[in-house]
Amino acid sequence: MKNIFQICLLLGMLIASIHCKMWVFGPAELRAKFDAGAVIPCSYGDFGTIPYGTNIIGRIYFDKENKDGCNTFTKELDTSGDPDATITPIILVERGTCTFAKKARNVQEWGGALMVVIDNKPLENPEQIIMVADQSGKGIVIPSVLISEKDGEILTKFLTDSDPVKATDASIEVEFNIKRTDGNVKVEFLTSSTNKVGLQFMEKFRSFYMRLKDSLNFKPHYVVWGCRGGGCEADEHCFNGTYCMVPYPSDQWNGVEILGEDLRQKCIYNLYSNQGDIEKWFEYLKKVLKMEKPTINQDESESIMEELKIDLSAVTKCLTQKEVLLQEELEYGKKNMIGLYPSLKINDQPYMGKLNAEDVFMTICEAFNEPPEACFFNEEKKGSSVDLSKFEGEIKKLQENSVKDAKKISALEETISQSKEKLSKRLSKIESSQNEIKTMLSSQKEVENLTDFEGKFLALEKEIQLLKSIAGNYRGNSTQTVKIGLSNQDKIDEMKIELDQNKK
């Protein structure tokens with residue numbers, strides 16, 4: 001067992017290139033503190049959502065009172081000075097004290113778009129380290145990257161020592177690359193037959209695979225560790241003392257039993273992959289997942305195969321080559337140096353971030369130089385289909401309402417026009433009466449009739465106020481109707497955009 005765990009530790013430390021690219025965006029004074037191109041080596045964290053195929057450019061922040069990000073950020077996040085039109089705060093935190101997941105959650109709740117963790121081990125190369133979250137990592141959506149202690153100190157020193165105005169200009173850019181290909185995209189999935197997370201992912205990924213299967217070279221792999229230094233012959237976790245699997249502490253089965261089920265699943269895949277359709281393999285995994293506990297019992301496995309009409313004799317024949325199959329998986333693990341599972345590789349590049357079927361689908365589509373048609377629409381959204389007719393119906397309804405509103409606006413404008421004309425005539429009469437009063441007052445003639453004229457004048461003034469009030473109501477109704485029309489038009493435009501996106 002000791003030798004097996006040494007292998008686990010070794011594989012967990014050896015990581016393939018993660019293709020993280022980061023550089024200082026500005027100002028020039030900060031860029032000059034780094035090597036040519038102001039490039040900062042980094043690696044992606046294996047949690048959150050990695051937005052493959054995109055870049056994030058943002059102002060960097062460092063809270064001196066919460067350096068490690070292990071406490072809730074209480075300061076107001078000043079988003080002025082962001083270098084592009086999109087507000088994407090990039091938060092620097094120091095490694096240590098608490099989990100990566102806790103740091104990321106605090107950064108996310110503060111409004112950060114990206115967390116940059118500064119390593120606390122001077123000799124470590126961040127490109128060879130993967131940040132992994134524990135179970136508390138659920139719900140984290142922002143991406144995270146790790147940089148070296150040296151580079152982190154340059155950034156934080158600039159922020160803390162510079163003039164506040166100059167510090168506001170400090171920004172970096174991170175590029176989330178995925179290798180692209182002209183042909184089919186290569187997708188490899190590493191798991192174990194008893195890994196529930198892997199089984200759940202495959203069940204959700206199945207529909208995406210079926211849409212892209214003609215453009216994919218997909219292959220599952222199963223975790224196999226070798227015994228180093230001998231002494232594993234009598235170990236219940238090793239087959240023939242050579243090929244081993246360490247079960248989870250909660251597993252009720254030993255390593256040899258797990259390897260047996262791994263091989264059955266591998267043989268089912270190989271059988272139907274050669275026939276050009278692995279639907280039977282997906283069906284088998286679904287049955288295993290639906291059991292109360294994943295089966296690694298041969299009788300239960302054969303029962304499922306019989307139910308699904310899987311060619312049991314062909315699978316049995318495949319299993320006569322156990323050592324060949326196990327050696328193939330052992331070599332795969334050594335070559336790819338992967339110690340984390342379940343995990344994915346897309347075009348030989350490790351997929352980092354949350355293992356979500358829809359996110360993986362979108363990343364696969366980014367891996368094509370010319371994506372197939374299936375990439376341009378997404379039938380699955382939160383487990384259900386997008387009903388395009390519903391959007392079309394809503395757009396039609398809004399258009400009809402808009403026409404009605406336009407007619408109302410036209411009628412109101414006509415009424416207002418007529419009212420203005422009447423009001424103008426009345427005002428002319430009032431002005432005439434006012435002039436007559438002024439003439440009488442100035443000449444002191446017919447003073448006895450002054451009271452009558454004053455009464456008439458006051459009555460006309462009230463009429464003016466009434467007419468103005470009526471006109472105001474017309475204008476108010478017109479404005480409100482126009483607002484309704486504009487609001488509906490905005491909704492129409494938004495729905496058309498969403499409709500176009502879903503039809504693509």
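Okay, let's start with a term: a disulfide here is a pair of cysteine sulfur atoms within 2.5 Å. In general, that is a covalent bond between the sulfur atoms of two cysteines. Keep in mind that what you see above is a predicted model.

So how many disulfides does that rule give? The count comes to five. I'll walk you through some of them.

Let's take the pair of cysteine 20 and cysteine 42. Their sulfurs sit 2.0 Å apart, so by the 2.5 Å cut-off they make a disulfide. What does this link tie together? Cysteine 20 belongs to strand 1, residues 20-26, while cysteine 42 is in the loop between helix 2 (28-31) and strand 2 (43-44), so the bond connects parts that are 22 residues apart in sequence. As for its twist, the angle about the S-S bond is -95 degrees, and that makes the link of cysteine 20 and cysteine 42 left-handed. Are these two buried or exposed? Cysteine 20 has 7% relative accessibility and counts as buried, and cysteine 42 is buried too, at 2%.

Moving along the chain, we get to cysteine 70 and cysteine 98, also joined by a disulfide, with an S to S distance of 2.0 Å. Cysteine 70 is in the loop between strand 3 (54-61) and strand 4 (90-94), and cysteine 98 is in the loop between strand 4 and helix 3 (100-110), so this pair ties together parts 28 residues apart in sequence. The torsion about the S-S bond is about -90 degrees, so this disulfide is left-handed. Both cysteine 70 and cysteine 98 are buried.

Now look at cysteine 238 and cysteine 244. Here again a disulfide joins the two, S to S 2.0 Å. Which hand does it have? The torsion about the S-S bond of cysteine 238 and cysteine 244 is about 105 degrees, so it is right-handed. Cysteine 238 is buried at 4% relative accessibility, and cysteine 244 is buried at 0%.

Let's leave the cysteines and turn to a pocket. The second largest pocket has a volume of about 390 Å³. There are 18 residues lining it, and the closest to its centre are Arg59, Tyr61, Phe62, Asp63 and Leu159. Where does the lining come from? Strand 3, helix 4 (149-161) and helix 5 (164-168) each supply at least two residues. And what is the lining like by class? There are eight nonpolar, three polar and seven charged residues in it.

Methods:
Residues are numbered from 1 along each chain as its sequence is written. This is a predicted model: local features need pLDDT of at least 70, side-chain atom pairs count only at pLDDT 80 or more; totals for chains, interfaces and linings use all residues. Side-chain values use heavy atoms; hydrogens and water are left out. Helices (H or I, at least four residues) and strands (E, at least two) are DSSP runs, numbered from the N terminus. Buried means under 20% relative accessible area, exposed over 50%, partly exposed in between (1.4 Å probe, protein chains only). On a 1 Å grid over the protein atoms alone, a cavity is a set of points where a 1.4 Å probe fits but cannot get out, and a pocket is an open set with protein on both sides within 12 Å along at least five of seven lines; lining residues have an atom within 4 Å of a point. Grid points are joined across faces, edges and corners, and a volume is the space filled by probe spheres set on the points. Ala, Val, Leu, Ile, Met, Phe, Trp, Tyr, Cys and Pro count as nonpolar, Asp, Glu, Lys and Arg as charged, and the others, Gly among them, as polar.
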